[in-house]
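Hi,

Here is the structure I promised to pass on. Have a look at it first, then read my notes below.

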Amino acid sequence: MIIVLKPEATDREIDHILDRLRELGLKSHISKGQERTIIGVIGDDRILQNQPLTAFPGVESVTPILAPWKLVSREFKKDNTIIDVDGVKVGGRKVVIMAGPCAVEKLELTVGIAHEVKAGGGSILRGGAYKPRTSPYSFQGVGREGLDYLLEAKKRTGLPVVSEILDPRDIELFLEKADIIQIGARNMQNFELLKEVGAYDKPVLLKRGLSATLKEFLLSAEYIMSRGNRNVMLCERGIRTFETQYRNTLDLAAVPTLKELSHLPVIVDPSHATGKWNLVAPMSKAAVAAGADGLLIEVHSNPEFALCDGEESIKPTKFKELMHDLKKIAKQAAIVGVGLIGGSLGMVLKRQGLADSVVGIGRRVENLRTAVKLGAIDRYVSDAKEGVRGADLVVLATPVDTYERHLKDWASCLEPGAIVSDVGSVKGALVGQAEGLIPERAHFVGAHPIAGREKTGVAAGSATMFRGACCILTPTQKTNHRALQAIRELWETAGSTVLSMDPFLHDKVLGAVSHLPHVVAFSLMNALIEIRERTVPGLDLLAYAGSGLRDTTRIAASSPEMWRDICLWNRENLITMITVYEGHLATLKQLIQAGDGPGIERELERAKQVREQLN
Ligand code: PEP
Ligand code: MN
């Protein structure tokens, strides 16, 4: 049964409901979603049916959970469950890579592989200390010591570890030494083991049984959750079918299906699913495309000598290559306008391996040559249509005023599924305009990295330009989810903090924190020019400039062409803000005129207090 609370339900009302449910001997799980708080109630439905729960204050509706897996179901919890594994978030926006040997062997080998996993971009180390083997004569794992080796590898690399438990009597050991307890395919229906790991809040990776249906799989997860542990991940690792070409058949349809039926993270193990190292990379890519939240991959530095599953383990070099491929956003990217920002973005795309090749589109050959030399682009074309054809990512990095002209010129050449993004400082109506000019088969995502320098041109650019900066994405109702995700990843890889905002709100915010300050800096500089000429003719006033003047006018050296467009495209917001600014200047002028010392101080004090909070 699900009790949906009213948005305004108070804590007291919620406590009252929980108390009543407890009195009735029912188990309740409260889940606070972004919009609503809901209480999932598990127990004898007959007891509930006689309770007038809708009469309780704060209750909006009461509905039965139809799925046999209650706590695991999407009905119970709409938002995805995100599990924090010692700082690594599983189930969030990033695909989490867990990798390492099938079995833990020797200490140095384990540590060595852990370093390779980390260097390749993995964030969790896997390794079985206890191995469930089909034959009693096969290597059974090094046991307890294996967990110590993993712990040592964690100490040296910082990677949290996942390892498989076989016996409920080992629970204390695993609680102490592992960050995720794995329940293997052969134990998916070992109910005593499920109940045991369910009694704690240690994250659990539950693997699908060799011949388990999704229903059985989800009910096994329910066993764990019903004991109170909410940190469960589901792992699809292939099922047994009539096909004998590979060890198992990877059921990729399970990924979106499980995500539809449940809120739990879904991990895919391409190693056990195929049993063949050469199938690991393609199946990993397919799993990510299907929506997997993470991958569990067997990596061994010397698979030929691995004590377990060498045939399905990939070498560290292959692992690195695969990680690189998974990060890729575009095979071919095109940058229209290879200036300071466009050029820097090209450097990010190339250095971070986000695109196989980057083509620059522009007219100034000299500049484009420099861009090639600096590694911002691989090649350049002057015909934008030619550059856009074949590109799966096109970034508009030209002044916003030229968007319309550009899009009208080449939008019809965009490939199906191509993503068009920009780096412009104004969004508002421009986003709608771009969406209108781009054909249905392609997608637009507005982006504004709040970075840059007062210098222009690719020569002033750098791959680190966006590190630590904020990048605002401006999705609309039309924005394609996959495209948005790709652009988010691009900016995150560039080192920026990514935020999302409505395009019109973006212009209000940026009008205040960026456009108005620029206008002030430009006009302050102009005022000084006039003062120099009128008030102290013959004296080079600016030779006396200290850091105060330099700090307040640094941005007046920005591109006039770009700022002209920004002023015009954010005209209304800017006029309003300039008027507010003029008011404050007038107030200060009056106070100075009146010789009102305390008044001046009050004004300055107010500004200082807030300025000090800005770091
Ligand atoms: C493993 O991951 O080490 C393992 C034994 O896998 P499975 O339980 O999926 O066979
Ligand atoms: Mn294995």
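**Around helix α16**

The buried residues of α16 pack against α15 (403–410), β20 (443–445), α18 and α20. Here, contact means heavy atoms within 4.5 Å, and buried means under 20% relative accessible area (1.4 Å probe, protein chains only). Those buried residues of α16 (residues 428–437) are G428, L430, V431, A434 and E435. Helices are DSSP runs of H or I with at least four residues, strands are E runs of at least two, and both are numbered from the N terminus.

A word on the source: this is a predicted model, where local features need pLDDT of at least 70 and side-chain atom pairs count only at pLDDT 80 or more, while totals for chains, interfaces and linings use all residues. Residues are numbered from 1 along each chain, chains are lettered from A and ligands numbered from 1 in the order written, and side-chain values use heavy atoms, without hydrogens or water.

**The metal**

Which residues hold the manganese ion (ligand 2) as protein donors? They are C102 (SG), H272 (NE2), E298 (OE) and D309 (OD), at 2.0 to 2.3 Å from the ion. Donors are N, O and S atoms within 2.8 Å of the metal (3.2 Å for Na, K and Ca); water isn't among the atoms, so sites may look incomplete. Along the sequence, the spacing of the donor residues reads C-x169-H-x25-E-x10-D. H272 sits in helix α9 (residues 270–274) and E298 in strand β14 (residues 294–298), so this pair ties together parts 26 residues apart in sequence. Both H272 and E298 are buried.

Cheers

Note on methods: Buried means under 20% relative accessible area, exposed over 50%, partly exposed in between (1.4 Å probe, protein chains only).
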